[in-house]
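Trainee: I have a chain open and would like to go through it with you. Can we start with a single residue and work outwards?
Mentor: Fine, put it up.

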Amino acid sequence: MDTMHRKRNCSVGSCGRAAITSLGQQILCVNHFLLRCYEKLDGLDPRGRKFTSEPIDLAAMRGFIEECSRKALDVSLQCEELSNLERGRLLDILLWAGELFLLLRAPRLTFAESMASADDGMAARAAIPNL
Ligand SMILES: [Zn+2]
């Protein structure tokens, strides 16, 4: 893996923590990685979407979901200084990304249908405090 990330600092604002991974073009510490994943997944989740005419770029969504789950797995396997909370969040992201991937592969599933089955998951997620 990219060992170069380990010697650099998180590129978000004045964070300054050691970067452990990257997302897109940004190198990130574990906190900001988690934060970015949550923000992005939240924005991509069709269950959280209002029915707007906003175009959905499926290829870009898939790309992000794949990157996000691959990186989350890498971090959880390779970073030895994770707290239980951070591990929990990484797992949450992995599961959420997996769920979204399945939703994207079943485009005929209506949002209303997925809404009904998603209530539990959304509630659990809402209980996780913001970073
Ligand atoms: Zn950071």
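Trainee: Is serine 22 buried, exposed or partly exposed?
Mentor: This is a predicted model, and in it serine 22 is partly exposed, because 17 other C-beta atoms lie within 10 Å. A residue needs 20 or more to be buried, and 12 or fewer to be exposed.

Trainee: Which element holds serine 22?
Mentor: Serine 22 lies in strand β1, residues 21–23. The C-alpha atoms of serine 22 and glutamate 67 are separated by 9.6 Å, with their positions 45 residues apart along the chain.

Trainee: And glycine 88, buried or exposed?
Mentor: Glycine 88 is exposed, because it has 12 other C-beta atoms within 10 Å. Glycine 88 belongs to helix α3. From its C-alpha atom to that of serine 76, 12 residues apart along the chain, the separation is 9.5 Å.

Trainee: Zooming out, what is the order of elements?
Mentor: From the N terminus on, the order is β-β-α-α-α-α, that is, 2 strands and 4 helices. The chain has 131 residues, and 21% of them are buried.

Trainee: Let's do helix pairs. How do α1 and α3 cross?
Mentor: The axes of α1 (residues 30–44) and α3 (residues 84–105) come within 10 Å and cross at roughly 25°. The two helices are therefore roughly parallel to each other, given that angles under 35 degrees count that way. Their crossing is left-handed.

Trainee: Which residues of α1 meet α3?
Mentor: Val30, Leu34, Cys37, Leu41 and Leu44 do, and on the α3 side they meet Glu86, Arg89, Ile93, Trp96, Ala97 and Leu100. By class, that contact has 9 nonpolar, no polar and 2 charged residues.

Trainee: What about α2 with α3, what angle there?
Mentor: About 150°, with the axes 9 Å apart; α2 covers residues 58–78. α2 and α3 are therefore roughly antiparallel, and this crossing is left-handed.

Trainee: Which residues of α3 does α2 meet?
Mentor: Among them are Arg87, Leu90, Ile93, Leu94, Ala97 and Phe101, while the α2 side includes Leu58, Met61, Ile65, Cys68 and Leu73. The residues of this contact divide into 14 nonpolar, 3 polar and 2 charged.

Trainee: That leaves α1 and α2. How far apart are their axes?
Mentor: 11 Å, at an angle of about 150°. α1 and α2 are therefore roughly antiparallel to each other, and α1 passes α2 in a left-handed crossing. Val30, Phe33, Cys37, Lys40, Leu41 and Leu44 of α1 make the contact with Met61, Phe64, Cys68, Lys71, Ala72 and Val75 of α2. That comes to 10 nonpolar, no polar and 2 charged residues.

Trainee: How many residues are in the largest nonpolar core?
Mentor: 23, and those with the most contacts inside it are Cys29, Phe33, Cys37, Leu41, Cys68, Ile93 and Ala97. At least two residues of this core come from each of β2 (26–28), α1, α2 and α3.

Trainee: Pick Ala97 from that list. What does alanine 97 touch?
Mentor: Leaving out residues up to four places away in sequence, alanine 97 touches Leu41, Ile65, Cys68 and Ser69.

Trainee: Last one. What share of the contacts join residues at least 24 apart?
Mentor: 51%, counted among contacts between residues at least 6 apart in sequence.

Definitions and conventions:
Residues are numbered from 1 along each chain as its sequence is written. This is a predicted model: local features need pLDDT of at least 70, side-chain atom pairs count only at pLDDT 80 or more; totals for chains, interfaces and linings use all residues. Axes are lines fitted to C-alpha atoms, for helices over the stretch in contact, and angles run from 0 to 180 degrees between N-to-C directions. Angles under 35 degrees count as roughly parallel, over 145 as roughly antiparallel, 65 to 115 as roughly perpendicular and the rest as oblique. A crossing is left-handed if the near helix is turned anticlockwise from the far one by less than a right angle, and right-handed if clockwise. Two residues are in contact if their C-beta atoms, placed from the backbone, lie within 7 Å. Ala, Val, Leu, Ile, Met, Phe, Trp, Tyr, Cys and Pro count as nonpolar, Asp, Glu, Lys and Arg as charged, and the others, Gly among them, as polar. A nonpolar core is a set of buried Ala, Val, Leu, Ile, Met, Phe, Trp, Tyr and Cys residues joined through C-beta atoms within 7 Å.
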